[in-house]
Amino acid sequence: MKFSDGYWMMRDGVRAVHPVEVLDCTASTAPGGASLVVHAPVQRVRHRGDLLKGPLVTFECTAPMPDVIGVTITHFAGEEPRGPAFALATDPPADAAAHVAEDAAALTSGALTVRFGRGDAWAVDFLAGGRRLTGTRPKATAIIDTDGGRHYVREQLDLGADHFVYGLGERFGPLVKNGQSVDVWNADGGTASEQAYKNVPFFLTNAGYGVFVDHPGRVSFEVASEAVARAQFSVEGQSMRYFLIYGPTPKEILRKYTALTGRPARVPDWSFGLWLSTSFTTSYDEETVSSFVDGMAERDLPLSVFHFDCFWMREFQWCDFEWDPRVFPDPPGMLRRLKERGLRISVWINPYIAQRSPLFAEAKARGYLLKRPNGDVWQWDLWQPGLAVVDFTDPEAREWYAAKLEALMELGVDCFKTDFGERIPTDVVYFDGSDPERAHNYYAYLYNQTVFELLRKRRGEGEAVVFARSATVGGQRFPVHWGGDSESTFEAMGESLRGGLSLGMSGFGYWSHDIGGFEGTPDPGLFKRWIAFGLLSSHSRLHGSHSYRVPWLFDEESVHVLRHFTRLKMRLMPYLARAARQAYEEGLPIMRAMVLNFPDDPACTHLERQYMLGDDLLVAPVFTAGDEVAYYVPDGVWTHYLTGERVHGGRWVRERHAFDSLPLLVRPGAVIPEGAVQDRPDYDHADGVTLRVYEPRDRGTVTTGIGTASFTTSRDGAVITAAGTGRWNLLLVNVDPAAVTVAGGTLAEHGQGTLIRATGREVVVNMEGGSR
């Protein structure tokens, strides 16, 4: 939200006051944590008469965990607390300290300090690592009133000329948020607008810090837009709390943010396989479904999950959670037959109950639906006639809803696509008294939490997975999330990637999208390019709106391309499982914007058409039906995973790639574990694994964890030593097998270098003269 009229004036009907000096401050270092309270008037105190005037702005600073400082800015403190509130895992550091001196008051948490200057000019500085990260200057902090009777709290933090902002949820515009106005307000707006399904009031920067605004409702961000050298955020009300999180690296910022707000859960290996959908409005029954599954098997296309979209239920009755008997006369038998083929089953649901659903009267009678202030059930005709919304703040409503899903699980359903949850009304009354504005975004958290916790209860830890569209802060705990309704165009493919990378910079570890786009039917060229992108994403799903997504309906080459990249992903499961572990243990996304892995490379700052898959694989999707692609390679000698060709980095590269190829580069010094199975994702990843070694660093050691197994690879001059257990292989990429000697293994043919089948725990290779 913009309040000013240019640099000098406020907009008509808007009045702002700003703290101008520190009146007094109190420091406390109690057993529960250190705190600092600063009172700041909005006019100079020259004499006692000035002490009779307001407003007086209160700043309360706390240390909720090391390297994190919370700042609460308050005008009137008499507001009643209103829910909901984000669940935060605080752990105040024992050594946090606050102190007040003649020239400044400060609070320190770990390596981070907030300092309020007590001089003539208003100044708040956040300091770490011997430098100023950011802070405020005169007129940055504001208490704002409008002629309409609204009240806002606004903060502006300085942005350096080379400081860039990322995150704020799954946003489909430019990855760098500088110059953008962003309202954190969940909406069903597709992937081609400024609206977003997953809004997160958190951003991180390349300047060593991130900011999380602890408000579950609407938060307005003006990022180098209203004030071009500042990151601005505001909320309506009398107070606002934000946390400044010190990294210093982007990865460390994410680790600390997700330690505060929640880490993604571990998801089952089978979820990383290919998902195939009926699609949305297409006509389907068991015969159609079986024809798809048969067609995949006949063409040797690995398939892990089959998904039934909306019309598994009868029209106008979404949701009643009953299979349409006209189309599916034998649901238990059908699901059993599909599961006998090794498939997992997903079904579509949403949190709405249409008036024609038998569950509407049941939920209405029990008070499980959102109500208008006059007590009527809130309803409208958008999406489903007479639609009502389940009130997930009511524990009984949650149990009732979960029980309907549990009955489906008894039939053989393994997981749920938790669609919708964005268009939540604000003219309603919640069971627990939640404020409707604060609950609008938070509704997605309660909805997905309800479904995910049921799955976890029934399936066990690490076996629960949803396919969710809506989210907010903390929603990363309930994966997986997908990118919503994209068009079937190359432009939408680019939008989708930007959205996924932005979501990854917001604390979400896993992400997917509809291969080929959702709206419309992709032409074969687009479909094949999107397949490569989709199978080199965290999770991979074939899904559309009014057309099927089975590859043979496009062309035979699409079948080949899908087989090629699905098998590749299955072989990469040992590597992807390791990246997934970083997601649920550290809060790092599997798909990463380049700046996350290379924060010190200025060329990576704005890159949004390529990404890192985990630590060591660079992926550059081809955004054209033609064969030419340009991408940036950081410093070092990188290697094409598919061909073994070397690429010297520190520059832009332009290449040509057929549909069954794309730039997939390995970082120098990496060891990529490749599995021995290519027809399913859930197998013993360590059994028969091949350790692919790329440009090993002299006197360097790489440890590769695969499940409970551990492998090491080290180099000392011309000698490489690798150690492991069980059946395993070693591939030295671009090392000539004719010029090496091997102990502890036998040589085998491989087109990319020296392949050694280990015969024991250790393999020693002398590479003297062996590099190609």
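**Close-up views of the predicted model**

**View 1. An open sheet of 6 strands with antiparallel pairing.** In this predicted model, the strands of the sheet follow the order 30-31-32-37-34-35. Strand 30 (591–592) and strand 35 (646–648) occupy the edges; each has a single partner strand, so one side of each is left without a neighbour in the sheet. Strands of a sheet pair through backbone hydrogen bonds, either parallel or antiparallel.

**View 2. The pairing of strand 32 with strand 37.** Strand 32 (residues 617–619) and strand 37 (residues 664–666) run antiparallel and are joined by 3 bridges. Within this pairing, Leu-618 has Leu-665 of strand 37 as its bridge partner.

**View 3. A nonpolar surface patch at Tyr-7, Trp-8 and Met-9.** These residues make a patch of about 520 Å². Trp-8 belongs to the loop between strand 1 (4–5) and strand 2 (9–10). Trp-8 is exposed, because its relative accessible area of 77% lies above the 50% cut-off for that class.

**View 4. Residues 59–222, annotated in UniProt as "domain: Glycoside hydrolase family 31 N-terminal".** The annotation comes from an unreviewed entry. Over this range, strand accounts for 49% of the chain and helix for 0%. The end C-alpha atoms of the range are 22 Å apart.

**View 5. Residues 264–577, listed by UniProt as "domain: Glycoside hydrolase family 31 TIM barrel".** This feature is likewise taken from an unreviewed entry. The chain over residues 264–577 is 38% helix and 9% strand. A separation of 14 Å is found between the end C-alpha atoms of this range.

Note on methods
Residues are numbered from 1 along each chain as its sequence is written. This is a predicted model: local features need pLDDT of at least 70, side-chain atom pairs count only at pLDDT 80 or more; totals for chains, interfaces and linings use all residues. Side-chain values use heavy atoms; hydrogens and water are left out. Patches are made of residues with over 30% relative accessible area and no salt bridge: like charges are joined within 9 Å, nonpolar side chains (Val, Leu, Ile, Met, Phe, Trp, Tyr) within 5 Å. Accessible areas come from the Shrake-Rupley method with a 1.4 Å probe; for residues, only the protein chains shown count as cover. A salt bridge is a side-chain nitrogen of Lys or Arg within 4 Å of a carboxyl oxygen of Asp or Glu. Helices (H or I, at least four residues) and strands (E, at least two) are DSSP runs, numbered from the N terminus. Buried means under 20% relative accessible area, exposed over 50%, partly exposed in between (1.4 Å probe, protein chains only). UniProt positions are given in the numbering used here, feature names are shortened, and annotations may be inferred rather than shown by experiment. Two strands pair if DSSP finds at least two bridges between them.
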